[in-house]
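Here is a short tour to read alongside the structure. Let's begin with the whole chain and then turn to one sheet.

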Amino acid sequence: MSPTYMTFEDLKKALEESGRGYNMENITAAYNLANEAHADQKRRSGEPYISHPLNVAKLLVELGMDSESVEAGLLHDVVEDTSVDLSTIESKFGPGVMRLVDGVTKLTKMQFSSVEEQRAESIRKMLLAMSQDVRVMIIKLCDRLHNMRTGDAWPEQKRRDKALETMEVYAPIAHRLGISNIKEELEDRSLQFLDPVGYAEIRSLLDQKNGEEFLKNISAVIQKHLEENGIHDAHMKSRVKSVYGIYRKTFVQNRSFDEIYDIYAVRIILDTVAECYNALGVIHDMFHPIPNRFKDYISTPKPNMYQSLHTTVIGHEGIPFEVQIRTKEMDQMAEYGVAAHWKYKEGIQGKNPLEERLAWVRQLLESQRDSADAGDLLRDIKSDLLPEEVFAFTPKGDVINLPAGASVIDFAYAIHSAVGNRMVGAKVNSHIVPIDHKVVTGEIIEILTGPADKGPSRDWLKLAATSQAKNKIRAWFKKERREENIQQGKEAFEREMRRNFINLPPEKLEGFVTELARRNRMNTPDEMYAAIGYGGLQMSRVSAKMKEEYAKLQAAEPKPVSIEEVPVKRHHSSEGVIVEGIDNCPVKFAKCCSPLPGDEIVGFITRGFGVSIHKRDCANVQASMKDPENAKRWVKASWEDSVQEQFNATLEITALNRDGLLGDITSAFSDMRVPIYAMNARQVENHKAVMNITFGTANTEHLNNVIARLRRIRDVISVTRS
Ligand code: MN
């Protein structure tokens with residue numbers, strides 16, 4: 001295909017034919033400046049360079065864009081490719097045009113050689129965010145479209161790269177802006193470069209049938225019949241499916257060209273639902289319907305609220321075509337979505353503000369195309385399409401997506417916690433910036449790192465905007481406090497040794513401590529000390545094993561000095577509970593209050609099984625003691641000094657529900673090496689989650705440690721014993 005060699009006269013004609021009041025003086029001046037600046041340049045195809053900006057400008061006129069956009073379209077390559085700078089443009093054409101040219105220049109610098117599916121969406125969002133003024137993106141789309149039209153002159157590799165980028169990034173953006181003709185052409189041109197054979201095959205099948213002509217005739221015939229049946233003012237639209245659309249169906253759904261029934265489609269837009277069903281009857285009388293192709297989305301809308309009647313019929317030439325029948329409201333809904341009914345200026349607070357703003361842009365662009373003035377409607381959306389988010393690059397080209405207001409600290413932690421912890425500074429676009437630098441969309445940010453043990457600074461907690469970064473900084477400091485924990489744990493451990501008269505020479509001490517650590521399921525003595533230090537490992541449990549190990553050591557190596565036996569107080573008890581006046585009495589713990597060592601307790605002599613132990617303040621106790629029949633069966637009870645049994649406790653945790661909440665809670669338990677025996681979580685009103693967790697604990701002191709630890713978890717509202 002030969003590129004159109006376009007002149008300014010052609011553009012002027014297009015401007016006049018649009019019927020809109022364009023600023024011809026400025027547009028002519030823009031053309032003159034661009035023409036002069038590009039004077040020595042030729043495109044790869046050999047044509048003068050100026051034909052490219054002229055074509056871009058013409059596409060903009062066809063889209064109904066304003067004078068500033070057309071001027072910027074003419075000037076869009078001068079800053080990048082010639083000696084003209086932005087200040088010259090600003091002085092001649094004003095800040096509006098300057099910003100548009102600047103925006104397009106910035107987008108042009110963004111090139112993505114390989115766009116993977118998962119990165120594509122953040123790249124698309126980033127480009128939209130970078131555009132700020134949506135006109136920038138529209139100019140860029142027209143630029144890309146003309147480049148793709150003339151891409152035959154590119155070398156093979158560039159054709160493929162541009163085609164992939166266009167397919168993954170720009171065509172979907174055009175789709176979201178509702179510029180379907182540009183979207184389809186971008187896809188078709190890309191396909192042509194990526195699979196020339198497949199493209200040619202479908203193209204020739206399409207060319208064999210004169211689709212446009214066929215649809216034109218069919219539409220006229222349908223409209224005539226509708227009129228005859230009393231259905232007036234039907235608005236007809238029709239389209240031939242794009243080559244890429246057909247390609248997708250043939251290759252993805254493995255169908256042959258003849259099996260695709262919606263290559264040709266006619267849409268009938270009517271006033272009322274009743275008319276829609278009447279029109280359906282008329283269509284089915286006129287043409288032969290294909291079985292199983294009728295769908296009534298009016299009575300049963302699609303989940304996205306799409307409503308329409310669909311049917312496929314065979315035309316008089318034996319060509320099948322799809323007919324869609326819907327009301328004006330349904331058509332608006334299908335084109336712009338629910339969000340489009342809201343006013344942008346009133347502020348959009350829905351779940352997906354970008355989608356809603358885009359829906360609004362779609363509607364605006366559509367009305368702009370039909371409107372008679374070279375309006376500045378689009379200037380209303382001058383400010384960011386995506387003010388809540390910023391997008392920046394790593395030097396390798398990965399896009400990092402952050403909330404607006406995020407600093408380079410957030411950026412570093414978003415790459416990896418190790419990058420954040422080692423950060424000593426940052427460069428933005430190769431310049432050193434202060435550590436509180438706020439990330440701006442489009443920046444290339446390099447994080448400078450120091451030694452692995454460098455660690456964050458506490459001030460960063462104030463400078464970081466994301467909870468992700470804050471959590472990682474806190475986690476580092478928690479780990480850092482490990483030294484303190486080890487210190488404290490070690491002191492407690494040594495105290496316990498002295499209390500038990502355990503005194504070992506240094507050469508034996510190490511093996512002794514290592515063995516004890518192993519028996520407490522810790523990898524190293526420090527790990528054990530740290531666990532003791534923060535309360536994850538109870539000294540009472542360590543103590544029992546400590547005595548056992550010491551006994552083993554003594555037995556293995558008979559000591560010349562005999563150690564005086566420490567008299568041990570014996571209580572007649574079981575389960576670590578002493579019941580006054582009853583020897584060796586079987587006890588059980590009441591389910592209603594699950595007492596723990598440290599709680600004040602009382603016993604109740606049951607008729608069946610020994611003594612039931614309750615918390616002193618258990619509601620059942622209070623009630624039962626008032627009953628004269630029961631009162632005499634209550635006996636005093638207390639805990640034996642060192643209780644080694646594990647007890648079950650149940651806590652009720654209420655928290656704001658979020659991703660990872662359960663994980664944070666269960667990892668708190670595993671950090672403390674507290675076994676979980678049962679767990680039940682449910683979502684309640686106001687996005688809250690309630691969890692009941694039953695776990696093993698040694699006594700109230702330990703339990704209080706667990707509660708304190710759980711309360712520190714982000715979003716936890718309350719932790720109570722249940
Ligand atoms: Mn260009």
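## The protein as a whole

About how many Å² does the protein expose, and what percentage of it do carbon and sulfur atoms supply? In this predicted model, the exposed area comes to about 36,600 Å², and carbon and sulfur atoms account for 49% of it. Of the 722 residues in the protein, 48% are buried.

The secondary structure consists of 28 helices and 21 strands. Contacts often span long stretches of sequence: taking those between residues at least 6 apart, 67% join residues at least 24 apart.

## A sheet of three strands

Now let's zoom in. Three strands form an open sheet in the order 10-9-11, and their pairing is antiparallel. Strand 10 (431-433) and strand 11 (445-449) are the edge strands; each has a single partner strand, so one side of each has no neighbour in the sheet. From one strand to the next, the twist averages 40°.

As general background, strands of a sheet pair through backbone hydrogen bonds, in either a parallel or an antiparallel way. Here, strand 9 (residues 423-428) and strand 11 run antiparallel and are joined by five bridges. If you would like a spot to look at, find Gly425, which stands opposite Leu448 in strand 11.

## The helix across the sheet

Which helix lies across strand 9, strand 10 and strand 11? That is helix 17 (residues 408-415), and the helix runs at about 80° to strand 11. Strand 11 is thus a handy reference for your viewer: an edge strand of the sheet, joined to strand 9 by five bridges and crossed by helix 17.

Technical notes: Residues are numbered from 1 along each chain as its sequence is written. This is a predicted model: local features need pLDDT of at least 70, side-chain atom pairs count only at pLDDT 80 or more; totals for chains, interfaces and linings use all residues. Side-chain values use heavy atoms; hydrogens and water are left out. Two strands pair if DSSP finds at least two bridges between them. Helices (H or I, at least four residues) and strands (E, at least two) are DSSP runs, numbered from the N terminus. Axes are lines fitted to C-alpha atoms, for helices over the stretch in contact, and angles run from 0 to 180 degrees between N-to-C directions. Contact means heavy atoms within 4.5 Å. Buried means under 20% relative accessible area, exposed over 50%, partly exposed in between (1.4 Å probe, protein chains only). Accessible areas come from the Shrake-Rupley method with a 1.4 Å probe; for residues, only the protein chains shown count as cover.
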